[in-house]
Amino acid sequence: HWLDKDGSVHGNNFVVPVNLMAIAYGICDDAKRSSLILDKLENQMQKENLFIWPLCLYSYNSGEGKEWQFPFPVYENGDIFLSWGAVGVQAYANYKPDIALKYIENVLARHKEDGLAFQRYGRQKQDGKGDDILAGNFLAIAGLYQSIYGINPLYNRLYLNPHLPKKLKGTELVYEFRGDKLNVALTAGKYSISNKKYKLTAAENFGFSAGKDGLKYFKKAEDKPCLGVFADGTGELSVEINKWEPGSYSWYSSSSGNSSNVKYTIRGMSNNSTYTLSVDGKVLKQIKSNSNGIAEFEITAGKQNQLVEI
């Protein structure tokens with residue numbers, strides 16, 4: 001529960017948000033330990049059939065709570081608050097996303113029942129208590145978008161990192177990002193983001209940015225783009241990443257409408273090195289990276305999927 005200033009440990013009441021934050025934020029980076037914590041929490045949740053996580057699983061020790069917080073559970077000694085919904089979803093999304101989704105659905109069901117118009121919920125009857133409504137009651141839904149759908153708006157890109165339960169595979173949604181309506185498709189192993197001009201598809205988490213200066217692809221969680229694409233036509237250009245490893249890059253591209261010449265910029269190559277560029281298995285030309293490991297070249301876009309390899 002808490003540490004005294006002399007370093008002594010007090011309490012064994014299992015403070016739920018503290019444990020969830022330690023796992024979600026990577027403080028507890030031991031997979032075995034985190035799974036033990038999450039499994040223990042879920043076992044108790046099933047035992048009591050709670051609709052979402054309480055503040056603590058077990059009671060404060062005598063003398064470590066207000067007198068009116070006994071007998072357990074009362075208020076901060078065991079009642080249910082919704083303010084750690086997002087961090088709970090995040091912790092379980094990386095481990096067992098079906099559990100995360102279960103509690104999201106529970107919150108949605110409770111919203112239909114009472115509008116979540118309470119500060120907290122009692123532990124024993126799971127009835128609403130308190131009229132000072134907390135904005136945190138929404139956070140399980142924030143967790144749905146951030147950790148299940150994996151939609152993370154960052155300063156220079158939209159980062160897509162889904163953790164989909166089987167029930168949600170194939171989800172499609174529209175997400176407004178900096179004045180642009182993006183279509184996000186979450187087919188397992190083939191995630192995509194698109195606007196009216198560009199579509200980017202990859203088998204794993206990636207970052208997406210598209211505007212007047214073209215499309216940028218960010219590999220996994222990297223914060224610098226490794227591929228830039230600019231099409232000078234009016235149609236849509238689709239790029240699907242096939243392979244992206246040091247010294248070996250390949251992707252499929254196709255265009256619609258009047259897309260003609262497409263300019264590609266690759267970053268992170270070996271400095272001052274020569275590479276062979278092929279399209280659909282045929283050598284097109286040799287390209288060379290500069291002293292900063294950047295190579296630029298143009299290809300005429302095709303209507304069908306072209307396999308571009310370097």
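A residue counts as buried when its relative accessible area is under 20%. The model shown in these views is predicted.

**View 1. Surroundings of L41 in helix α2.** L41 has a relative accessibility of 1%, under the 20% cut-off, and therefore counts as buried. Leaving out residues up to four places away in sequence, L41 touches F14, V16, L20, W53, L57 and Y92. One of these contacts, L20, is 21 residues from L41 along the chain, and the C-alpha atoms of the two are separated by 9.7 Å. L20 also belongs to the contact that α1 makes with α3, as does Y92 on the α3 side.

**View 2. Packing of helix α1 against helix α3.** Two packed helices are described by the angle between their axes and the distance between the axes. For α1 (residues 16-24) and α3 (residues 85-93), the angle is about 50 degrees and the axes are 8 Å apart. The two helices are therefore oblique to each other. The crossing of α1 past α3 is left-handed. On the α1 side the contact is formed by L20, M21, I23 and A24, and on the α3 side by V87, G88, Q90, A91 and Y92. By residue class, this contact of α1 with α3 holds 7 nonpolar residues, 2 polar and no charged.

**View 3. Helix α3 and its enclosure.** Of the 9 residues of α3, 9 are buried, so this helix is largely enclosed by the rest of the structure. The buried residues are G85, A86, V87, G88, V89, Q90, A91, Y92 and A93. They pack against α1, α2, α4 and α5, the last of these spanning residues 139-148.

**View 4. Packing of helix α2 against helix α4.** The axes of α2 and α4 are 12 Å apart and meet at an angle of about 40 degrees. That angle makes α2 oblique to α4. The crossing of this pair is left-handed. From α2, the residues E42, M45 and Q46 meet I99, K102 and Y103 of α4. The contact of α2 with α4 divides into 3 nonpolar residues, 1 polar and 2 charged.

**View 5. Two cis peptide bonds in the loop between α2 and α3.** Most residues other than glycine have a negative phi, and most peptide bonds are trans. The peptide bond from F70 to P71 is cis, with omega near 0 degrees. A further cis bond runs from F72 to P73, where omega is near -5 degrees. P71 lies in the loop between α2 (31-48) and α3, and P73 is in the loop between α2 and α3 as well.

**View 6. R110 in helix α4.** R110 is placed in α4, which spans residues 97-114. Its relative accessibility is 13%, so R110 counts as buried. A polar atom of the R110 side chain lies 2.8 Å from the backbone oxygen of Q126. Apart from neighbours within four places in sequence, R110 is in contact with F51, G115, L116, Y121 and Q126.

**View 7. Q126 in the loop between β3 and β4.** The strands on either side of this loop are β3 (120-121) and β4 (128-129). Q126 is not a glycine, yet has a positive phi of about 55 degrees. With a relative accessible area of 15%, Q126 is buried. The side chain of Q126 reaches the backbone oxygen of N49 at 2.8 Å, while the backbone oxygen of Q126 lies 2.8 Å from a polar atom of the R110 side chain. Not counting residues up to four places away in sequence, Q126 touches E48, N49, L50, F51, I80, R110 and Y121. Among these, F51 and Y121 are also contacts of R110.

**View 8. D280 in the loop between β17 and β18.** The loop that holds D280 joins the strands β17 (274-279) and β18 (282-288). Phi of D280 is near 55 degrees, a positive value in a residue other than glycine. At 47% relative accessibility, D280 counts as partly exposed, whereas Q126, which also has a positive phi, is buried at 15%.

Note on methods
Residues are numbered from 1 along each chain as its sequence is written. This is a predicted model: local features need pLDDT of at least 70, side-chain atom pairs count only at pLDDT 80 or more; totals for chains, interfaces and linings use all residues. Side-chain values use heavy atoms; hydrogens and water are left out. Axes are lines fitted to C-alpha atoms, for helices over the stretch in contact, and angles run from 0 to 180 degrees between N-to-C directions. Helices (H or I, at least four residues) and strands (E, at least two) are DSSP runs, numbered from the N terminus. Angles under 35 degrees count as roughly parallel, over 145 as roughly antiparallel, 65 to 115 as roughly perpendicular and the rest as oblique. A crossing is left-handed if the near helix is turned anticlockwise from the far one by less than a right angle, and right-handed if clockwise. Contact means heavy atoms within 4.5 Å. Ala, Val, Leu, Ile, Met, Phe, Trp, Tyr, Cys and Pro count as nonpolar, Asp, Glu, Lys and Arg as charged, and the others, Gly among them, as polar. Buried means under 20% relative accessible area, exposed over 50%, partly exposed in between (1.4 Å probe, protein chains only). A polar contact is a pair of N or O atoms within 3.5 Å; within protein, one must be able to donate a hydrogen and the other to accept it, and residues adjacent in sequence count only if both atoms are side-chain atoms.
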